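Here is a short note for a colleague who has not yet looked at this entry. Please read the points with the structure open.

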Amino acid sequence: MVSWRRRPGPGLARLWGLCCLVLGCWPSALGCPASCGCSSWRIWCTGSSPGIASFPVPQRIAEGDNVTEIYIANQPNLESINDNEVGFYVGLKNLTVVDSGLRFVSRHAFVKNVNLQYINLSRNKLSSLSKKPFRHLGLSDLILVDNPFKCSCEIMWIKKFQETKFYTETQDLYCIDDNNKKTALLDMKVPNCDLPSANLSNYNITVVEGKSITLYCDTTGGPPPNVSWVVTNLVSNHESDTNKNPASLTIKNVSSMDSGLEISCVAENIVGEDQASAELTVFFAPNITFIESPTPDHHWCIPFTVKGNPKPTLQWFYEGAVLNESEYICTKIHVINQSEYHGCLQLDNPTHLNNGAYTLLAKNDYGEDEKRVDAHFMSVPGDGNGPILDPDVYEYETTPNDLGDATNNSNQITSTDVSNKENEDSITVYVVVGIAALVCTGLVITLIILKFGRHSKFGMKVHGEVKGVGLVDQIWLSLQDCDNEEQVMVAVNSDVHNNSTASDNNRLGFVLFHKIPLDG
């Protein structure tokens, strides 16, 4: 059996050539050094000749945004990583500089590289290394083996790092003492070399608006740490004294705008740093900063914004009287931002009975505030001042319980109104019943006429004339000869009829009524 293998055609060869051309041009497009290779996401510098003397920097800032890995090795002339060099690669996650001449790492080298997770600085010339470049990073690995660290306080933070079992694997780190002897870093002992600590005099700072307060920070450590206060976005006037221990921070005429802010005391020395923080709570009277006329939505809403600490209680008034809230009229708080509350008075299907002045009262232990707004939901029916909305839309009318004592006499229904309404309803019922009776009577008469018109009982034929017998007697005799199922035809000529007496006519009616069956 013969197997066939398809050879690449000219088109595929051209494609490979194009790819090689693009890859060959990429380093020059990124401004890649001669001893380095570059791709869209990675830079590697491993050639020792001619090598690099400084950290590689892209020619254009945008070119370094997508780089996530930099690998540098065998670069004896690379002695430092300075400020802003690594910062061009904001997306950098992995950095390796090994087997090179690195002696110094700037304290601000990785300020912009917040995505860094892995750093390997093994087998370099580092004799000291500050913690500052790394303290803001969430590193999973920091590898520092085979560096000639000098036993000093400056690398004590590395020992502390190992003692906290930060590393996935214990590193064989050592330092060189004054006798030029190697000592395991875990066994290093340096006098007067301790991590600093910071403790605040109060961790729950509470103050009434307009008052002043002083906070103290007690610090320890060797060498004695430097103390600083972090009061970012603090509006109130403040002053600090860090030359004494404990250090102090005084906040004057405290503003309600500072409620909820965090205040921190930072103690730092060459071994490391410590920080203590507290939240500032400012108590102040309520302030209704916003309220406006109602807006239609799924429900009608009177929007408002209230500030206050502690949380103020809210009470609505309608036309000066307490508004009792219910499932149809109630206060809703939608957003809470520190001591600021955003909400609305929600009304379901309000009518003209709800028109009027609404007042919001906010109150807490430190004071109160109130604001009024006029609301108009719909025109009074029949006043001609505006469109009357379809009453079917408004299934709900405000009850006295919803408005408390706010209802007035103009909105009340009197007993006279109720009585008149009942009389009108009774007359209407009588008229309808009378019309119905007339219609039924007419229908019955029509049916009888139609029935007797089809089988007339009054056209009876008399078989013969009996002398000496009156007209009625003759008809009666004829009827005696007829069966109930036969049709009796009575023929009465006008002469005989005219000669009959009143008594005969009455007898004739009696005979017809009793003899002729109505069912035909």
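**Notes on a helix patch and the disulfides**

1. Val-439 is a residue of helix α4, which covers residues 415-454. The model is a predicted one, and the points below should be read with that in mind.

2. Is Val-439 buried or exposed, or does it fall in between? Its relative accessibility is 48%, so Val-439 counts as partly exposed. The cut-off for exposed is over 50%, and buried means under 20%.

3. Val-439 also belongs to a nonpolar patch on the surface, of about 470 Å². The other residues that make this patch are Ile-427, Val-431, Ile-435 and Leu-443.

4. Turning to the cysteines, how many disulfides does the structure hold? There are four. A disulfide is a covalent bond between the sulfur atoms of two cysteines. Three of the bonds are described in the next points.

5. Cys-151 and Cys-175 are joined by a disulfide, with an S to S distance of 1.9 Å. This pair links distant parts of the chain, 24 residues apart. Cys-151 sits in the loop between β9 (149-150) and α2 (156-163), while Cys-175 is in strand β10 (residues 174-176). The torsion about their S-S bond is about 85 degrees, and the disulfide is therefore right-handed. Both cysteines are buried.

6. A disulfide also joins Cys-153 to Cys-193, again with S to S at 1.9 Å. Cys-153 is in the loop between β9 and α2, and Cys-193 is in the loop between β11 (182-184) and β12 (194-200), so the bond ties together parts that are 40 residues apart in sequence. Cys-153 has a relative accessible area of 8% and is buried. Cys-193 is buried too, at 5%.

7. Which strands does the disulfide of Cys-217 and Cys-265 tie together? The S to S distance of this pair is 1.9 Å. Cys-217 lies in strand β14 (residues 213-222) and Cys-265 in strand β18 (residues 262-268), so parts that are 48 residues apart in sequence are tied together. Here the torsion about the S-S bond is about -80 degrees, which means that the disulfide is left-handed. Cys-217 is buried, with a relative accessible area of 0%, and Cys-265 is buried with a value of 0%.

8. Two further cysteines can be checked for burial. Cys-301 has a relative accessibility of 15% and counts as buried, because buried means under 20%. Cys-344, at 4%, also counts as buried.

How values were computed: Residues numbered from 1 in each chain as written. Predicted model: local features only at pLDDT ≥ 70, side-chain atom pairs only at ≥ 80, totals over all residues. Heavy atoms only, no water. Patch = residues over 30% accessible without salt bridge, like charges linked within 9 Å, V, L, I, M, F, W, Y side chains within 5 Å. Areas by Shrake-Rupley, 256 points an atom, 1.4 Å probe, with all protein chains shown as cover. Salt bridge = Lys/Arg side-chain N within 4 Å of Asp/Glu carboxyl O. Helix = DSSP H or I, 4+ residues; strand = E, 2+ residues; numbered from the N terminus. Buried < 20%, exposed > 50% of the residue type's maximum accessible area, 1.4 Å probe, protein only. Disulfide = S-S within 2.5 Å.
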